[in-house]
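This report describes selected sheets, helix contacts and internal spaces of one protein chain. Please keep the sequence and the model open while reading.

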Amino acid sequence: FPASARLRGPFGEATRGLNAWKNPILKNSFGLPSGLFRCMASSGSGDGGFSRPQSIDEAPMPLYSWPDKKRPRVCILGGGFGGLYTALRLESLVWPGNNKPQVMLVDQSDRFVFKPMLYELLSGEVDVWEIAPYFTELLKNTSVQFVKDSVKLLRPSDHLRREPGVSCTGGVVHLESGTVVEYDWLVLALGAEAKIDVVPGSAEYALPFTTLEHALKVESELKMLERRRFGKKSPPIQVAIVGLGYSGVELAATISERLKNTGTVKAINFQTTICPNAPPGNREAALKVLESQNIQLFLGYSVNCIREVYASEDSGSMVADAKVGGDDKKLVLELQAAQRGLQSQVLEADLVLWTVGSQSQILRLQPPDAPYVIPLNGRGQVETEETLQVKGHPRTFAIGDSAALRDPSGKFLPANAQVAFQQADFAGWNLWAAINDRPLLPFRFQNLGEMMTLGRNDAAITANFIEGLTLEGPVGHAARKLVYCLRMPTDEHRVKVGVSWLAKGAVDSLASLQTAVSNIIAGS
């Protein structure tokens with residue numbers, strides 16, 4: 001198994017490196033090497049020839065200067081579970097000779113986000129630093145270089161035939177800052193972004209919940225609604241959640257518990273069941289929690305549109321698309337029945353959260369002069385081999401939400417953290433193998449189980465290796481936090497988070513004990 005490389009070279013003491021790393025990067029910082037353009041030129045009609053290379057004088061751009069001109073250069077795009085954990089995996093392996101690669105990690109944010117725990121920000125269980133540490137803090141004891149930037153364009157060249165005697169790199173990446181990064185190996189781990197412009201009004205009035213910025217925005221909106229109604233005899237806060245997959249269910253349970261008697265959660269789902277792909281134990285535990293809280297379920301409905309209305313203080317009537325704001329502004333969701341026997345519905349809400357749909361970021365990064373150079377499926381995901389290499393691109397790997405990989409039954413692997421964790425481990429190993437001219441391993445996903453939070457002291461965990469076992473309630477909650485603490489990126493961060501959570505748990509237990517004693521004294 002790849003983990004053996006942490007102790008010693010897995011294929012013997014002496015290994016042979018590739019000669020491709022011998023080519024130096026030109027010191028000219030305002031243009032690209034002319035040899036690189038020869039390798040990047042398109043083969044046109046497929047006759048094996050090269051089109052005329054571009055002139056570097058047409059669009060001079062700064063070329064990133066790697067510290068070492070001889071060692072392999074690995075560029076990882078995306079600092080989520082796939083990207084960051086691949087970088088840390090490469091750092092942990094034992095590299096023979098001078099083959100340890102230089103690793104650059106590029107992400108548009110300066111923080112790594114442990115996305116499965118974004119819900120705990122709304123419940124107040126965790127602090128931002130615990131689930132969103134800075135990349136510079138996580139990578140300070142490694143040789144990984146972090147660059148905060150966005151990716152503008154991908155120009156791989158590992159799919160092109162080499163001219164005799166020309167040493168070629170894997171390609172270049174254009175960043176939004178204008179910098180061009182030349183690499184030998186590329187890892188696509190950009191993930192997916194929320195697809196919010198689905199129905200009229202959804203982009204204007206609904207909020208997604210996939211990033212730290214989204215979570216902080218939702219927290220801000222909830223606080224504003226709570227402040228407006230504090231100490232007033234006003235209608236309850238109404239929150240509508242579209243989609244009841246894992247994210248929608250976890251949001252509904254978390255927000256409903258937070259609002260208690262001051263608000264109502266309305267959860268809408270196209271299917272007639274929640275979490276259709278979840279294990280039965282998790283789905284049943286979630287249903288019990290949703291039915292026990294102040295949550296209205298609208299199953300078998302789709303959203304037709306979302307619009308803004310204004311409630312007149314004098315008449316109480318609703319005026320559509322009014323420009324007047326204030327406390328009386330409301331959002332209206334028009335629901336269409338997706339199942340027979342159901343009637344259309346119109347719902348009011350103060351806040352709408354959208355958890356349905358996502359889109360790959362790779363499509364918009366394709367070169368305009370070669371829009372199909374990276375093979376994509378109908379969902380915009382990169383087609384890969386079993387080794388996680390992009391089809392037709394031996395020096396490019398794709399993992400996480402960016403990749404389209406199927407399990408042995410032919411189903412696409414789920415877009416969750418567990419898949420990205422495991423793919424990062426294999427991607428790191430296969431990069432080691434490729435750089436050292438060794439066989440690559442085919443990726444095999446091991447489904448260990450699924451977890452979901454259902455409130456501040458409630459969760460559900462179904463483990464695949466113990467059939468029929470589902471941990472619920474406080475036990476499931478504690479087990480989930482333990483697992484996620486162990487999954488934190490570095491040992492140092494695990495210790496910090498573990499100590500913080502233990503301290504918070506002790507404080508909560510003491511507060512609960514004091515409350516219980518006070519109730520006993522008051523009752524006597």
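How many bridges join β23 to strand β24? The model is predicted, and in it five bridges join these two strands, which run antiparallel. Strand β24 covers residues 459-463. One bridge of the pair places Thr 453 opposite Ala 459 in β24.

**Two open sheets**

The strands β23 and β24 belong to an open sheet of three strands, ordered β23-β24-β25, with antiparallel pairing. Its edge strands are β23 (449-453) and β25 (470-472), each of which pairs on one side only. Neighbouring strands in this sheet are turned by 5° against each other on average, with direction ignored.

A second open sheet holds five strands in the order β9-β17-β10-β11-β12, and here the pairing is parallel. At its edges are β9 (206-208) and β12 (295-299), each pairing on one side only. The average turn between neighbouring strands of this sheet, direction ignored, is 25°. Within the sheet, β10 (residues 237-242) and β17 (residues 351-354) pair in the parallel sense over four bridges. Ala 240 stands opposite Val 352 of β17. As a general point, the strands of a sheet pair through backbone hydrogen bonds, either parallel or antiparallel.

Helix α8 lies across four strands of the parallel sheet, namely β10, β11 (263-269), β12 and β17. The helix runs at about 170° to β10.

**Helix pairs**

Helix α8 also packs against another helix, α9. The table sets this pair beside the pair α2 and α10.

| Helix pair | Angle | Distance between axes |
|---|---|---|
| α8 and α9 | about 35° | 10 Å |
| α2 and α10 | about 35° | 8 Å |

Helix α8 spans residues 246-259 and helix α9 spans residues 280-292. Their crossing is left-handed. On the α8 side the contact is made by Tyr 246, Val 249, Ala 252 and Ala 253, which meet Asn 282, Ala 286, Val 289 and Leu 290 of α9. By class, seven of the residues in this contact are nonpolar, one is polar and none is charged.

The crossing of α2 and α10 is right-handed. From α2, the contact uses Phe 81, Gly 82, Tyr 85, Thr 86, Arg 89 and Leu 90. From α10, the residues in contact include Ala 417, Ala 420, Phe 421, Ala 424, Asp 425 and Trp 429. The contact of α2 with α10 has ten nonpolar, three polar and two charged residues.

**A pocket and a cavity**

Both α2 and α10 also take part in lining an open space. The second largest pocket holds about 690 Å³ of space. It is lined by 35 residues, and the closest to its centre are Tyr 85, Leu 88, Met 488, Pro 489 and Arg 494. Tyr 85 is also one of the α2 residues in contact with α10. The elements that give two or more residues to the lining of this pocket are α2 (81-92), α5 (135-138), α10 (417-435) and α12 (491-523). The lining divides into 15 nonpolar, seven polar and 13 charged residues.

Which residues lie closest to the centre of the largest cavity? The model has two cavities of 30 Å³ or more, and the largest has a volume of about 100 Å³. Of the 15 residues that line the largest cavity, Gly 400, Ala 403, Leu 413, Pro 414 and Ala 415 are the closest to its centre. At least two lining residues each come from β22 (403-404) and α10. Helix α10 gives the largest share of the lining, three residues. By class, nine lining residues of this cavity are nonpolar, four are polar and two are charged.

Helix α10 thus recurs in this account: it packs against α2, contributes to the lining of the second largest pocket and supplies residues to the lining of the largest cavity.

Note on methods
Residues are numbered from 1 along each chain as its sequence is written. This is a predicted model: local features need pLDDT of at least 70, side-chain atom pairs count only at pLDDT 80 or more; totals for chains, interfaces and linings use all residues. Side-chain values use heavy atoms; hydrogens and water are left out. On a 1 Å grid over the protein atoms alone, a cavity is a set of points where a 1.4 Å probe fits but cannot get out, and a pocket is an open set with protein on both sides within 12 Å along at least five of seven lines; lining residues have an atom within 4 Å of a point. Grid points are joined across faces, edges and corners, and a volume is the space filled by probe spheres set on the points. Ala, Val, Leu, Ile, Met, Phe, Trp, Tyr, Cys and Pro count as nonpolar, Asp, Glu, Lys and Arg as charged, and the others, Gly among them, as polar. Axes are lines fitted to C-alpha atoms, for helices over the stretch in contact, and angles run from 0 to 180 degrees between N-to-C directions. A crossing is left-handed if the near helix is turned anticlockwise from the far one by less than a right angle, and right-handed if clockwise. Contact means heavy atoms within 4.5 Å. Two strands pair if DSSP finds at least two bridges between them.
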